Amino acid sequence: AIKNGSRWALTAPALLAGSPPISYQWTKNGSAIAGAISRFLLIPSWQPADAGSYQVTIGNGVGSALSDPFVQLVTAAPDWDWRLPLPQGNSLFAMAYLNGRFVGGGARGTILSSTDGAAWAVTRLGVSNTISDLAYGNGTYVALSSFGDAWTSSDATAWTQRDTGIGRDGRGFSAIAFGVGRFVVVGNSGLVVTSTNGATWSTVNSGIAESLGAIAFGDGKFIALGSGGRTFVSADGVNWNAGATVARAVTSIVHGAGRFVAATANHVFSSADGQNWSQKTLDTTSSITALQFTGIGFLAMLDSTGGKYWQSVNGVDWTEQTTGLTLKAASTALTHGAGRYVMAGLAPETLVASSSGSTWARITPVESLDLTAVAVGPSHLVAVGSNGATRIGTNGAVSFNPFYVESYNRPSDIAYGAGRYVA
């Protein structure tokens with residue numbers, strides 16, 4: 001099920017055989033949906049009335065085939081608050097230091113903000129979409145989410161959903177950059193969308209056929225990276241020209257210290273002009289998931305649980321760094337600001353921070369033992385888990401106290417009744 005108000009798309013199955021042109025017709029509960037004739041069925045704001053059984057008929061001049069039915073549920077989920085872990089436990093996919101604030105984004109419309117990297121405010125947008133990238137300009141924060149959504153805020157706390165004009169074609173956003181007074185967003189199939197205020201958006205006829213996965217602004221120009229490894233260059237975000245080829249599947253690009261820096265796998269590419277690129281291969285088997293340029297230089301985050309990252313002052317010479325932590329899930333982003341490093345990642349390792357870069361601590365506490373069941377009594381909430389682990393907290397409390405019974409068995413359930421807990 002998805003939460004009502006979410007922007008979400010259903011995707012038709014890929015054809016194993018068949019020659020174009022291919023036609024599509026979506027149905028709901030057996031009735032054709034007017035105008036639903038593309039591979040993607042995008043509904044900008046799902047409501048309970050949209051729940052039902054969906055199918056798509058795919059055809060060409062030879063014949064047609066009907067897909068298996070898919071039942072989509074829509075729920076008005078209750079407003080649950082995170083109590084453990086805090087500040088929240090959804091996976092994070094973006095983290096940046098923007099206009100004096102740390103701002104992070106993640107699953108199920110989660111946005112976090114902090115002025116010091118220690119105390120965090122959590123905003124839930126009330127949708128199922130994932131926040132994937134962030135930018136700041138013209139006094140406005142902009143957050144991107146899946147299926148062409150954009151959200152704006154003046155303080156990184158109160159957010160407003162904006163209509164970007166992306167239609168029911170299934171194209172989505174990949175990345176955002178700000179320069180020459182405008183936000184520029186890139187995405188699938190050469191998609192380019194621009195805005196000066198984050199509220200009103202215009203789709204650009206970029207003339208680019210391949211998907212664009214990353215974008216950066218620097219030295220008076222935007223550089224976007226295509227799926228084939230080619231760069232595309234624009235001085236205004238509207239008119240684009242093909243540039244140099246860097247490498248296939250480049251995943252991220254940033255600008256700082258007079259240099260563009262891009263990354264794919266364990267390779268880093270740097271260029272002073274955006275045309276001539278040099279390559280550096282990092283001594284790691286992990287892939288780079290994100291690049292950031294901060295006040296202390298470039299930071300490269302790895303998709304591993306080893307708690308390691310790479311740092312560079314000039315984008316050319318790189319040094320491996322470590323948090324000293326063994327993470328339970330991979331990290332996805334890393335930034336620095338206000339004298340503090342902040343690392344974001346997948347649940348349960350959503351926030352890890354350091355003021356020195358050498359000593360790191362979890363902002364989001366991670367329970368090292370899996371919990372399997374929970375019961376509520378008149379004054380306490382009790383959770384049980386592996387190796388006889390028990391967590392006890394008062395009802396509604398933020399913190400839990402650990403207690404271990406003398407057993408290595410995993411309790412499978414717990415209940416309360418007649419004045420007694422039984423596990």
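# Notebook: loops, a sheet and aromatic pairs

**Entry 1: Arg108.** I began with Arg108, which lies in the loop between strand E11 (101-106) and E12. I am working from a predicted model, so I treat each value here as a computed one. I looked up the backbone and found phi of Arg108 near 55 degrees, a positive value in a residue other than glycine. That caught my eye, since most residues other than glycine have a negative phi. Is Arg108 buried or exposed? Neither word quite fits: Arg108 is partly exposed, because its relative accessible area is 42%, and the cut-offs for buried and exposed are under 20% and over 50%.

**Entry 2: the sheet around that loop.** Next I wanted the setting of E11 and E12. I found an open sheet of 4 strands in the order E10-E11-E12-E13, with antiparallel pairing. Which strands are at the edges? They are strand E10 (92-98) and strand E13 (121-124), each of which pairs on one side only. I also noted the turn between neighbouring strands of this sheet: 20 degrees on average, with direction ignored.

I then followed one pairing in detail. Strand E12 (residues 110-114) pairs with E13 in the antiparallel sense, over 4 bridges. For a handy landmark to click on, I picked Leu112, whose bridge partner in E13 is Val122.

**Entry 3: Ala156.** I went on to a second positive phi. Ala156 has one of about 65 degrees, although it is not a glycine. Where does Ala156 lie? I found it in the loop between strand E16 (149-153) and strand E17 (160-162). Ala156 has a relative accessible area of 1%, so it is buried. Arg108, back in Entry 1, is partly exposed at 42%.

**Entry 4: Asn266.** Another loop residue was on my list. Asn266 lies in the loop between strand E27 (259-264) and strand E28 (267-271). Its relative accessible area is 16%, so Asn266 counts as buried; the cut-off is under 20%. What does Asn266 touch beyond its neighbours within four places in sequence? I listed Lys280, Thr281, Leu282, Thr284, Ser286 and Ser287. I also found a polar contact of 3.4 Å that joins the side chains of Asn266 and His267.

**Entry 5: aromatic rings.** How many aromatic pairs does a search of the whole structure find? I got 11. I wrote down two of them in full.

- Trp46 and Tyr54 form an edge-to-face pair, with 5.8 Å centre to centre and 70 degrees between the planes. Trp46 is buried at 0% relative accessibility, and Tyr54 is buried at 3%.
- Tyr309 and Tyr341 form a tilted pair, with 6.2 Å centre to centre and 45 degrees between the planes. Tyr309 lies in strand E32 (residues 308-312) and Tyr341 in strand E35 (residues 340-345), so this pair ties together parts that are 32 residues apart in sequence. I checked burial here too: Tyr309 counts as buried at 0% relative accessibility, and Tyr341 counts as buried at 7%.

I closed with a cluster. Tyr97, Phe102 and Trp120 form one aromatic cluster. Going back to the strand ranges, I see that residues 92-98 make up strand E10 and residues 101-106 make up strand E11, which is a good place to start when colouring these rings in the viewer.

Definitions and conventions. Residues are numbered from 1 along each chain as its sequence is written. This is a predicted model: local features need pLDDT of at least 70, side-chain atom pairs count only at pLDDT 80 or more; totals for chains, interfaces and linings use all residues. Side-chain values use heavy atoms; hydrogens and water are left out. Two strands pair if DSSP finds at least two bridges between them. Helices (H or I, at least four residues) and strands (E, at least two) are DSSP runs, numbered from the N terminus. Axes are lines fitted to C-alpha atoms, for helices over the stretch in contact, and angles run from 0 to 180 degrees between N-to-C directions. Buried means under 20% relative accessible area, exposed over 50%, partly exposed in between (1.4 Å probe, protein chains only). A polar contact is a pair of N or O atoms within 3.5 Å; within protein, one must be able to donate a hydrogen and the other to accept it, and residues adjacent in sequence count only if both atoms are side-chain atoms. Contact means heavy atoms within 4.5 Å. Rings of Phe, Tyr and Trp (its six-membered ring) pair if their centres lie within 6.5 Å; planes under 30 degrees apart count as stacked, over 60 as edge-to-face and the rest as tilted.
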